[in-house]
Amino acid sequence: MELAGKDHLPVLESRVGARLTEIVEAMDMVIKRVCVIGSGTMGNGIAQVSAQAGYETTMVDVKQEFLDRGMNTIKTSLGKFVEKGRIKQEEMKESLARLRTSIDMKNAAKGADYVIEAVFERAEVKLPIFGQLEEICTQETILASNTSGIPISLLASATKRPDKVIGTHFMNPVPLMKGVEIVRSLLTSEETLKVSLDYFVQSLGKETVIVKDSPGFVTNRLVTLVFNEAAKLLEENLASIEDIDKIEKLSHNWPMGPFELADLVGIDVVVDLLEGIYQQTGWERYKPAPLLKRMVEIGYTGRKVGKGFYQLFGQG
């Protein structure tokens, strides 16, 4: 067995020093307070799982009525968990006690250790928020986005801390779906990645995959094509939406067919995703089917408004 000689000491000292630095940084980045920007479907779901995991969580939106609606959704969701025996009544009360709402982003975010933006899937809406968060939050605060397709590098460009900007793409419905895409830009630091993975997202009971900062990431590069092609099948009157959903569920063991899932996700969200990828890449396959755009124009955007594919084309 060869003992470490003098020549090896600088290497050992370097490794020990690096490890100590990593431990100190991790200790410094303990997350206690979380701020979620947006109280819609994704925002209230993220706020719920954050509070359930023990974090003091503030949900922010521009109007109190939006926040009230989001809180009602959270209470209903937690209530169902109690009914099914997944959590106890006392756990529901404790989770709600950790939840706060605010229409003042400045006060809500200034003390947060981790901020997750979950507003409309449009860069022109998200960018000003990241610019404001840069001014509001301490330099240690990590700024995450729940974007499902907008480049993280673009969002980070609105800040002076691109190393602390990361994508945390949760799936809908957040309290039930286990997967989260962690999107790392070219400038996202190892520390930000580690904290997001090991000290936050996994503590929510989620399983993660790390993906590159590319249009649509992984999930939406695939599923948007399914939505788009399903709409084209309907345009061609190839089969009814019920039969298209039925054959896909029976053939591929999907829990939902493409039209059922599109109604859940939101047809407007689907169009935004398709257009975003199309604009960034020029790939014709992502050009939204005309039917999808027409549905958004007439307000048939899915379950959230009570009217979507099944209300417009359903035969039942």
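## Backbone exceptions, ring contacts and a buried serine

Pro173 sits in the loop that runs between strand E6 (165-170) and strand E7 (179-184). In this predicted model, the peptide bond leading from Asn172 into Pro173 is cis, with omega near 0°. As background, most peptide bonds are trans, and most residues other than glycine have a negative phi.

### Two asparagines with positive phi

The sign of phi brings us to a pair of asparagines. Asn237 has phi near 60°, a positive value in a residue that is not glycine. Asn253 also has a positive phi, near 60°. Helix H10 (241-252) links the two settings: Asn237 is in the loop between helix H9 (219-235) and H10, while Asn253 is in the loop between H10 and helix H11 (258-265).

Are these asparagines buried or exposed? Asn237 has a relative accessible area of 64%, and because the cut-off for exposed is over 50%, Asn237 counts as exposed. Asn253 comes out at 69% relative accessibility, so it is exposed as well.

### Rings and charges

Now for the aromatic side chains. How many aromatic pairs does the structure hold? There are five. Ring pairs join Tyr55, Tyr114 and Phe200 into a cluster.

Arginines also meet rings here. The charged end of Arg86 sits over the ring of Phe81, and Arg285 lies over the face of Trp283. The table gives the distances to the ring centres.

| Arginine | Ring | Distance to ring centre |
|---|---|---|
| Arg86 | Phe81 | 4.5 Å |
| Arg285 | Trp283 | 4.7 Å |

### Ser185, a loop residue out of the solvent

Let us return to strand E7, this time to the loop that follows it. Ser185 lies between E7 and helix H8 (190-198), in the loop. Is Ser185 buried or exposed? Its relative accessible area is 7%, and since buried means under 20%, Ser185 is buried.

What does the side chain of Ser185 reach? It comes to 3.1 Å from the backbone nitrogen of Leu187. Setting aside neighbours within four places in sequence, Ser185 is in contact with Ile152, Ser153, Pro162 and Asp213.

The loop residues can thus be set side by side: Ser185 is buried at 7%, whereas Asn237 is exposed at 64% and Asn253 is exposed at 69%. For a walk through the model, good stops are the cis bond from Asn172 to Pro173, the positive phi of Asn237 and of Asn253, and the cluster of Tyr55, Tyr114 and Phe200.

Conventions:
Residues are numbered from 1 along each chain as its sequence is written. This is a predicted model: local features need pLDDT of at least 70, side-chain atom pairs count only at pLDDT 80 or more; totals for chains, interfaces and linings use all residues. Side-chain values use heavy atoms; hydrogens and water are left out. Helices (H or I, at least four residues) and strands (E, at least two) are DSSP runs, numbered from the N terminus. Buried means under 20% relative accessible area, exposed over 50%, partly exposed in between (1.4 Å probe, protein chains only). Rings of Phe, Tyr and Trp (its six-membered ring) pair if their centres lie within 6.5 Å; planes under 30 degrees apart count as stacked, over 60 as edge-to-face and the rest as tilted. A charge sits over a ring if NZ of Lys or CZ of Arg is within 6 Å of the ring centre and within 35 degrees of the ring normal. A polar contact is a pair of N or O atoms within 3.5 Å; within protein, one must be able to donate a hydrogen and the other to accept it, and residues adjacent in sequence count only if both atoms are side-chain atoms. Contact means heavy atoms within 4.5 Å.
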